[in-house]
Amino acid sequence: MEHPKILVGCPVSKHHSYSTNEYLAAIKNLSYPNYDIYLVDNSSTNEFFKELQKAVPGERSCTEIPDVKEKIAASRNVLRKKVVEENYDYFLSLEQDVIPPKDVIEQLLQHKKAIVSGIYYSPFPVQGKQQLFPVLFRWLNKEEQENLKKNKETLQKLNPALHEELEKSNYDFTKVRVKFKPKEVEKPQLLKVKQCGLGCVLIKKEVLEKIEFRIDKTTDGFDDATFCDDALEKGYELYADTKVKCKHLIKKRPWTWEKIEKS
């Protein structure tokens, strides 16, 4: 197929009003010739959706769900259902504060992978400070695994949660993830990854026929981590194209996820 049919969208809300104009301009001007846009607004009131309707197609849904993470996953399942039932070939999950290159679809499609992500950065806590890292994770290599086994006391001091997890699992490293460092995604390449965010990821329809978005209530994560775990469980491989660099509009964000979850 020369130009597979793509659905571009994500859950949206009034909380991201600050990034919406730039986001809408980006998704309406992608260079790919065969895509539709659909946004699922789960805001608590109708005002944001009224403005959204003037610009792009979408619907208001999942507003009754109180938990923020469950609401986002449910909203993403509205998009999943649309992809499957309306016979799209791929879903480009492109979140409301992520601005991709204009040819993002062409770049990701060329790899012919079931799941392939672009690159965007978020702040992560490192030794008490926030530092920017790509939202991308890998497995521990053999050398790293052996070092952790040999230095259990140091690990307990530096990362007690990981130490406890590994002790309980008899040092089973299959569920442990490590952040990619910025320098590891500088070189243009296609990386095999353990987890990616859902900020900019192209997903083939067959994946969504088998996997629903959900959260794992035993963790504090969002549905992106669970989706990646479920995909690996189903036998899919995950990739990231380091050439596809996106802007992440976080500097002007007037809130934190912690505050939204408590509101």
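Modeller: A residue is called buried under 20% relative accessible area, exposed over 50%, and partly exposed in between, with a 1.4 Å probe and protein chains only. This is a predicted model, in which local features need pLDDT of at least 70, side-chain atom pairs count only at pLDDT 80 or more, and totals for chains, interfaces and linings use all residues. Residues are numbered from 1 along each chain as its sequence is written, and side-chain values use heavy atoms, without hydrogens and water.

Biologist: Is glutamine 96 buried or exposed?

Modeller: Glutamine 96 counts as buried, because its relative accessibility is 4%. Glutamine 96 sits in the loop between strand S4 (90-94) and strand S5 (98-99); strands are DSSP runs of E with at least two residues, numbered from the N terminus.

Biologist: Which residues does glutamine 96 touch, leaving out those up to four places away in sequence?

Modeller: Contact means heavy atoms within 4.5 Å. Among the residues that glutamine 96 touches are Cys10, Pro11, His16, Tyr23 and Phe48. Its side chain also reaches the backbone nitrogen of serine 13 at 3.0 Å.

Biologist: How should a nonpolar core be read, and which residues have the most contacts inside the largest one?

Modeller: In soluble globular proteins, nonpolar side chains tend to be buried together. A nonpolar core is a set of buried Ala, Val, Leu, Ile, Met, Phe, Trp, Tyr and Cys residues joined through side-chain atoms within 4.5 Å. Here the largest has 35 residues, and Ile6, Val8, Leu39, Leu92 and Ile105 have the most contacts inside it. Another core, of 32 residues, lies apart from it and includes Leu191 and Cys228.

Conventions. Helix = DSSP H or I, 4+ residues; strand = E, 2+ residues; numbered from the N terminus. Polar contact = N/O pair within 3.5 Å; in protein donor to acceptor, adjacent residues only side chain to side chain.
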